[in-house]
Amino acid sequence: RAALMSSDFAEARKAYLFVRQLLGNDRVGVGRIDRNLIDVYMYLDDFAESKRRAQMALRTFTKLDDQAEIAKVRVNYANVLHRQDRHREAEKLYRLAGEYFESKNDINSAARC
């Protein structure tokens, strides 16, 4: 995370992929790493890999029925769409995530959406 926050995206990718490998069968951990990789690949301008990581994370959290994590993945991928000037698609995902956060009284997260 430190590498991501300091804009060393190649190092962040390397670290996240290493941790992902260490997690083995920890589905929640792997899903969260995939969610973070959405941003990493976005900053590396690899939008196809960003999309793939979003799909992987969504599949994981859908199987686990973890609505909070699904909402977070939607926000991350909406950021990718926004960066690609695909604003209508991004808006739909932001709305879905925002509705979830509002239903949980998470006003801060809803406001960011």
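## Nonpolar cores

The largest nonpolar core comprises 19 residues, and those with the most contacts inside it are I38, V73, Y77 and F101. Two or more residues of this core come from each of helix 3, helix 4, helix 5 and helix 6. Helix 5 gives the most, with eight residues. The model in which this core is found is a predicted one. In soluble globular proteins, nonpolar side chains tend to be buried together.

Among the core residues with the most contacts is Y77. Leaving aside residues up to four places away in sequence, Y77 touches I38, S50, K51, A54, R86 and L93. A second, separate core has six residues, including A12, Y16, L37 and Y41.

## Helix 2

Helix 2 covers residues 9-23. At 1.5 Å a residue, its 15 residues should span 21 Å, and the end C-alpha atoms are 21 Å apart, so the expected and modelled values agree. The buried residues of this helix are F9, A12 and Y16. These residues cover an arc of only 50° around the axis, and they therefore lie on the same side of helix 2. An α-helix has 3.6 residues a turn, so residues three or four places apart point the same way.

Two of the buried residues, A12 and Y16, belong to the second core. The face of helix 2 turned away from the buried side carries the exposed residues K14, F18, Q21 and L22. Just after the helix, G24 takes a positive phi of about 60°.

## Helix 4

Helix 4 runs over residues 47-63. Its 17 residues should span 24 Å at 1.5 Å a residue, and the distance of 24 Å between its end C-alpha atoms agrees with this. The buried residues of the helix are E49, S50, R53, A54, M56, A57, T60 and F61. They cover an arc of only 165° around the axis, which means that they are on the same side of helix 4. On the other side, A48 and K63 are exposed.

The buried residues of helix 4 pack against helix 2, helix 3 and helix 5. Two of these buried residues, S50 and A54, are also among the residues that Y77 touches. Helix 4 is followed by D65, whose phi is positive, near 50°.

## Salt bridges between helix 3 and helix 5

A search of the whole structure finds 10 salt bridges. In one of them, E69 pairs with R32, with the closest N and O atoms 2.9 Å apart. This pair links distant parts of the chain, since E69 belongs to helix 5 (residues 67-83) and R32 to helix 3 (residues 27-43), and the two are 37 residues apart. E69 also forms a salt bridge with R35, where the closest N and O atoms are 3.0 Å apart. Here too the pair links distant parts of the chain, with R35 in helix 3 and E69 in helix 5, 34 residues apart.

The partners can be compared by accessibility. E69 has a relative accessibility of 3% and therefore counts as buried. R35, at 14%, also counts as buried. R32 is partly exposed, with a relative accessible area of 38%; the cut-off for a buried residue is under 20%.

## A salt bridge within helix 6

The side chains of E91 and R95 meet in a salt bridge, at 2.4 Å from N to O. Both residues lie in helix 6 (residues 87-103), four residues apart, about one turn of the helix. E91 counts as partly exposed because its relative accessibility is 37%. R95 has a relative accessibility of 51% and so counts as exposed, the cut-off for this class being over 50%.

## The network around R53

Salt bridges that share partners join R20, D34, E49, R52 and R53 into one network. Of these residues, E49 and R53 are listed among the buried residues of helix 4. At 6% relative accessibility, R53 counts as buried.

Not counting residues up to four places away in sequence, R53 touches L17, R20, D34, L37, I38 and Y41. Two of these contacts, R20 and D34, are members of the salt-bridge network. L37 and Y41 belong to the second nonpolar core, whereas I38 is one of the residues with the most contacts inside the largest core.

Methods. Residues numbered from 1 in each chain as written. Predicted model: local features only at pLDDT ≥ 70, side-chain atom pairs only at ≥ 80, totals over all residues. Heavy atoms only, no water. Expected span 1.5 Å × (residues − 1). Buried < 20%, exposed > 50% of the residue type's maximum accessible area, 1.4 Å probe, protein only. Arc of directions from axis to C-beta. Salt bridge = Lys/Arg side-chain N within 4 Å of Asp/Glu carboxyl O. Contact = heavy atoms within 4.5 Å. Core = buried A, V, L, I, M, F, W, Y, C linked by side-chain atoms within 4.5 Å.
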